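Work through the exercises below with the sequence and the coordinates open side by side. Each task is followed by a solution that goes step by step.

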Amino acid sequence: MNLDHVLSLRFAPTDQDYDMRDSLLYALSLGMGSDPLDRDELPYVYEGPGGGAPKVVPAQCMILGWIPFWQDDPATGIAWKQILHGEERFQIHQPLPAAGRVRALHHVAAVSDKGAGRGAVLQMDTKLYDRDSNALLATLQSMAFMRGDGGCGSAGTLAEPLATLPEDARPDAVMDIATTRQAALLYRAVSRDWMLIHADPAIAREAGFEVPVSHGLNNLGRACRAVLKHFAPGQPERLLSFGARFVSPGLPGDTVRVSMFRDGPGKLRFRADALERGVRLIDRGTCALRT
């Protein structure tokens with residue numbers, strides 16, 4: 001990685017208009033509506049008989065104003081095929097409307113060099129605004145594990161690490177979410193995350209995977225779905241913040257088991273596993289709910 005060049009980058013604001021259909025599709029990409037009689041989840045995938053607005057999954061903020069892929073520019077020197085999404089966190093300032101016009105402002109906040117051969121971590125911070133009112137809707141932090149960029153040097157300070165969860169902790173709720181074999185292809189179309197390792201078998205193999213892998217953000221959205229179902233049914237406006245570390249790539253077709261743990265008033269911890277493969281997908285999950 002050419003650290004000086006990456007730190008000098010100034011990204012143009014990313015504007016996006018989205019409508020009710022986009023919000024419905026996002027909820028469907030998380031598996032909502034798999035039980036059409038589920039009264040808690042139906043309002044996220046159905047606008048109601050009066051033609052009103054559906055409820056919006058707060059995790060949808062992660063796909064709005066998506067920054068165009070920039071890491072493959074040769075000037076960055078980034079080994080872009082070796083990038084893995086490491087962590088994602090978001091804080092909701094105002095509930096997302098089912099349709100709107102947003103503007104996202106992005107900047108590289110920090111790079112932490114782990115040493116030659118050990119990779120680096122790049123933190124990208126984003127602020128998501130309503131483009132008409134200029135109201136701040138959400139702030140996001142994204143950590144990318146740059147597996148091929150160790151020895152590039154460090155700059156800035158990464159956000160505080162997420163706390164670990166004891167392996168023997170007993171969950172207060174568990175939800176198993178089935179995924180389809182085309183889940184990654186659906187999610188990339190819904191989210192506009194066009195990273196090729198989620199679709200192209202040849203690119204996936206070059207990156208060290210036998211098959212195209214699931215998006216970490218898709219599984220994080222599924223974890224958000226599980227929290228809403230068990231701790232805030234029908235009340236997405238109660239979710240204030242959410243985040244987790246991605247431990248292993250998911251595969252389309254996994255059954256994602258989300259385990260949730262109370263951690264005090266309005267606080268939850270969570271993790272997720274690929275049930276059939278016995279693989280941890282998400283760890284160090286944290287969530288705050290309005291009480």
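**Exercise 1. Surroundings of Val121**

Task: find which residues Val121 touches, not counting residues up to four places away in sequence.

Solution. Taking contact to mean heavy atoms within 4.5 Å, one finds that Val121 touches Ala110, Val111, Ser112, Lys114, Met143, Ala144, Phe145 and Leu158. Val121 itself has its place in strand S4, residues 120-130, where helices (H or I, at least four residues) and strands (E, at least two) are DSSP runs numbered from the N terminus. The next step is accessibility, for which buried means under 20% relative accessible area, exposed over 50% and partly exposed in between, with a 1.4 Å probe and protein chains only. Val121 has a relative accessible area of 8% and is therefore buried. A last check is on Gly86, which lies 35 residues from Val121 along the chain, with 8.2 Å between the two C-alpha atoms.

The model used here is predicted, so that local features need pLDDT of at least 70 and side-chain atom pairs count only at pLDDT 80 or more, while totals for chains, interfaces and linings use all residues. Residues are numbered from 1 along each chain as its sequence is written, and side-chain values use heavy atoms, with hydrogens and water left out.

**Exercise 2. Two valines of strand S3**

Task: locate Val102 and Val108, and describe the surroundings of each residue.

Solution. Begin with Val102, whose place is in strand S3, residues 100-113, and which counts as buried because its relative accessibility is 1%. Leaving aside neighbours within four places in sequence, its contacts include Thr14, Asp15, Gln16 and Tyr18, and also Leu128, Tyr129 and Leu137. Val57, 45 residues from Val102 along the chain, has its C-alpha atom 16 Å from that of Val102.

Continue with Val108, which also lies in strand S3 and counts as buried at 14% relative accessibility. With neighbours within four places again left aside, Val108 is in contact with Val6, Leu7, Phe11, Trp70, Leu122, Gln123 and Met124. One of these contacts, Leu7, is 101 residues from Val108 in sequence and 6.5 Å from it in space, C-alpha to C-alpha.

**Exercise 3. Two glutamines in a loop**

Task: decide whether Gln60 is buried or exposed, decide whether Gln71 is buried or exposed, and list their contacts.

Solution. Gln60 has its place in the loop between helix H3 (42-45) and strand S2 (83-92), and Gln71 is found in the loop between H3 and S2 as well. Gln60 counts as buried at 2% relative accessibility, and Gln71 is buried with a relative accessible area of 14%. Beyond four places in sequence, Gln60 is in contact with Tyr18, Asp22, Ser23, Tyr26 and Leu96, whereas the contacts of Gln71 are Thr76, Ile78, Trp80 and Ile83. Of the latter, Ile83 is twelve residues from Gln71 along the chain, and their C-alpha atoms are separated by 9.0 Å.

**Exercise 4. Packing of H2 and H4**

Task: describe how helix H2 packs with helix H4.

Solution. Two packed helices are described by the angle between their axes and the distance between the axes. Axes are lines fitted to C-alpha atoms, for helices over the stretch in contact, and angles run from 0 to 180 degrees between N-to-C directions. For H2 (residues 20-29) and H4 (residues 183-191) the angle is about 155 degrees, and the axes are 10 Å apart. H2 is therefore roughly antiparallel to H4, given that angles under 35 degrees count as roughly parallel, over 145 as roughly antiparallel, 65 to 115 as roughly perpendicular and the rest as oblique. On the residue level, Leu25, Tyr26 and Ser29 in H2 meet Leu186, Tyr187 and Val190 in H4.

**Exercise 5. Positive phi values**

Task: find where Arg192 lies and where Arg284 lies, and state the phi of each residue.

Solution. Arg192 lies in the loop between H4 and helix H5 (201-206), and it has a positive phi of about 65 degrees although it is not a glycine. Its relative accessible area of 33% makes Arg192 partly exposed. Arg284 lies in strand S10, residues 279-289, and its phi, near 60 degrees, is likewise positive in a residue other than glycine.
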